[in-house]
Amino acid sequence: MDALARLPPLRETIAAHGLDARKRLGQHFLLDLNLTRRIARAAAPLDEGTVIEIGPGPGGLTRALLLEGAARVVAIEVDPRAIAALRELQEAAGGRLELVEGDAMEIDLAGLGPPPRRIVANLPYNVSTALLVRWLHLAEQVAEMVLMFQKEVADRLAAQPRSKDYGRLSVLAQHICAVQRLFDVAPSAFVPPPKVTSSVVRLTPRPIGDRLADLTMLERVTAAAFGQRRKMLRRSLAAAFADPAAVLTGLGLSPTARAEELTVADFVGLATVLRAAP
């Protein structure tokens, strides 16, 4: 802890390594240690298994995770400038921090360390949704995720049927995980400040027996339904079923309903029928 406390302020680290935030990488650095420690505490307990951080940048959240007692942090960073900046943090961490230079979309979670695995990250905005969908497919490898998104993405994750934000991402995330919005973060907390408010969300995978083992059919059904969300389901689901009206009626659903009227369980029912179809 003493070695971590002696590290230079994050602004000095950024200046020393020329680590200006780059738009193409979706970088917005979070430097407020009180705020990053609040995020780290939301992911507790951290003293067992592996904490996986995506896009640590200069290491603000990384420091917080270590200060809050994380036994093992694996930080994945695609920007080589940030890797160089994180080396002194790695030295101060006493063997608790491993740095991996690479694209998180291409890295095997199971190979990063022993379970329970917790993903804790201030996600780059430009890849946050794609990363989350990938992790939903790998939910059996993850105990919990505490992630920061743009507020509009968090709205979609937690949205309920018949609301404007309810959509494909809502169904996928809520079927696989219990979704809990924790708190919002103002643009002024970041360097540089983004144009939008951010939100921290906790996603806890449900027991394996309570969710589909394969998300492929649920993705297909939701893509068809919400891809044409203004249309009645008997029309929008024509891309997935030969006779959508019969399928909907068989499940006790109205063929004239629209996508936002169906619950998560309703979509799971449609995915189950599609999986069983010839």
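# Sheet, core and rings

Student: Which residue stands opposite Ala-178 in E9?

Tutor: A word first: this is a predicted model. Strand E7 spans residues 177-185 and joins E9 through 8 bridges. Across from Ala-178, the residue in E9 is Thr-204.

Student: In which sense do E7 and E9 run?

Tutor: Look at how the two strands are joined. There are 8 bridges between E7 and E9. Their sense is antiparallel.

Student: E9 also pairs with E6. Over how many bridges?

Tutor: Strand E6 takes in residues 144-150. One match to find is Phe-149, whose bridge partner in E9 is Ser-199. The pairing of E6 and E9 is antiparallel, and the number of bridges is 6.

Student: How many residues of E9 are buried?

Tutor: Strand E9 runs from 198 to 205. It is mostly covered. Of its 8 residues, the number buried is 7.

Student: What is the order of the strands in the open sheet?

Tutor: The sheet holds 7 strands, and its pairing is mixed. Read across it, the order is E4-E3-E2-E5-E6-E9-E7.

Student: Which strands are at the edges?

Tutor: An edge strand here pairs on one side only. Two strands fit that: E4 and E7.

Student: What is the average twist from one strand to the next?

Tutor: Step across the sheet, strand by strand. The average twist per step is 20 degrees.

Student: Where does the mixed sheet have parallel pairing? What is the partner of Ile-52 in E5?

Tutor: Strand E2, residues 50-54, pairs with E5 in the parallel sense. The two share 3 bridges. In E5, Ile-52 has as its bridge partner Ile-119.

Student: Which strands does H7 lie across?

Tutor: Take its direction first: H7 runs at about 130 degrees to E6. The strands it lies across are E6, E7 and E9.

Student: H8 packs on the sheet as well. Which strands does it touch?

Tutor: The direction of H8 makes about 115 degrees with that of E7. The strands H8 touches are E7 and E9.

Student: Which residues touch the most other members of the largest nonpolar core?

Tutor: In soluble globular proteins, nonpolar side chains tend to be buried together. Here the largest nonpolar core has 58 residues. Those that touch the most other members are Ile-54, Leu-147 and Phe-267.

Student: Which helix gives the largest share of this core?

Tutor: That share is 6 residues. They come from one helix, spanning residues 264-276. Its name is H12.

Student: How many residues are in the second core?

Tutor: This core is separate. Among its members are Leu-66, Ala-70, Val-146 and Phe-190. The number of residues is 33.

Student: How many aromatic pairs does the whole structure hold?

Tutor: The search covers the whole structure. The number of aromatic pairs found is 2.

Student: Why is the pair of Tyr-166 and Phe-226 edge-to-face or stacked, whichever it is?

Tutor: The two ring centres are 5.9 Å apart. Planes over 60 degrees apart count as edge-to-face. Here the planes are at 80 degrees, so the pair is edge-to-face.

Student: How many residues apart in sequence are the parts this pair ties together?

Tutor: Tyr-166 lies in the loop between helix H7 and helix H8. Phe-226 is in helix H9, residues 216-227. The pair therefore ties together parts whose separation in residues is 60.

Student: Phe-226 has another partner. Which residue is it?

Tutor: This pair is tilted, with 35 degrees between the planes. The ring centres are 5.3 Å apart. It links helix H9 to helix H12, 41 residues apart. The partner of Phe-226 is Phe-267.

Student: Is Phe-267 buried or exposed?

Tutor: Buried means under 20% relative accessible area. Phe-267 has 0% relative accessibility, so it counts as buried.

Student: Where is Arg-162, the residue with a positive phi?

Tutor: Its phi is near 70 degrees, and it is not glycine. At 61% relative accessibility, Arg-162 counts as exposed. Its place is the loop between H7 and H8.

Student: Which residue does a cis peptide bond join to Val-191?

Tutor: Omega of this bond is about -10 degrees. The residue sits in the loop between strand E8 and strand E9. It is Pro-192.

How values were computed: Residues numbered from 1 in each chain as written. Heavy atoms only, no water. Core = buried A, V, L, I, M, F, W, Y, C linked by side-chain atoms within 4.5 Å. Buried < 20%, exposed > 50% of the residue type's maximum accessible area, 1.4 Å probe, protein only. Helix = DSSP H or I, 4+ residues; strand = E, 2+ residues; numbered from the N terminus. Phe/Tyr/Trp six-rings, centres within 6.5 Å; stacked < 30°, edge-to-face > 60°. Pairing = 2+ DSSP bridges. Axes fitted to C-alpha atoms, helices over the stretch in contact; angles between N-to-C directions. Contact = heavy atoms within 4.5 Å.
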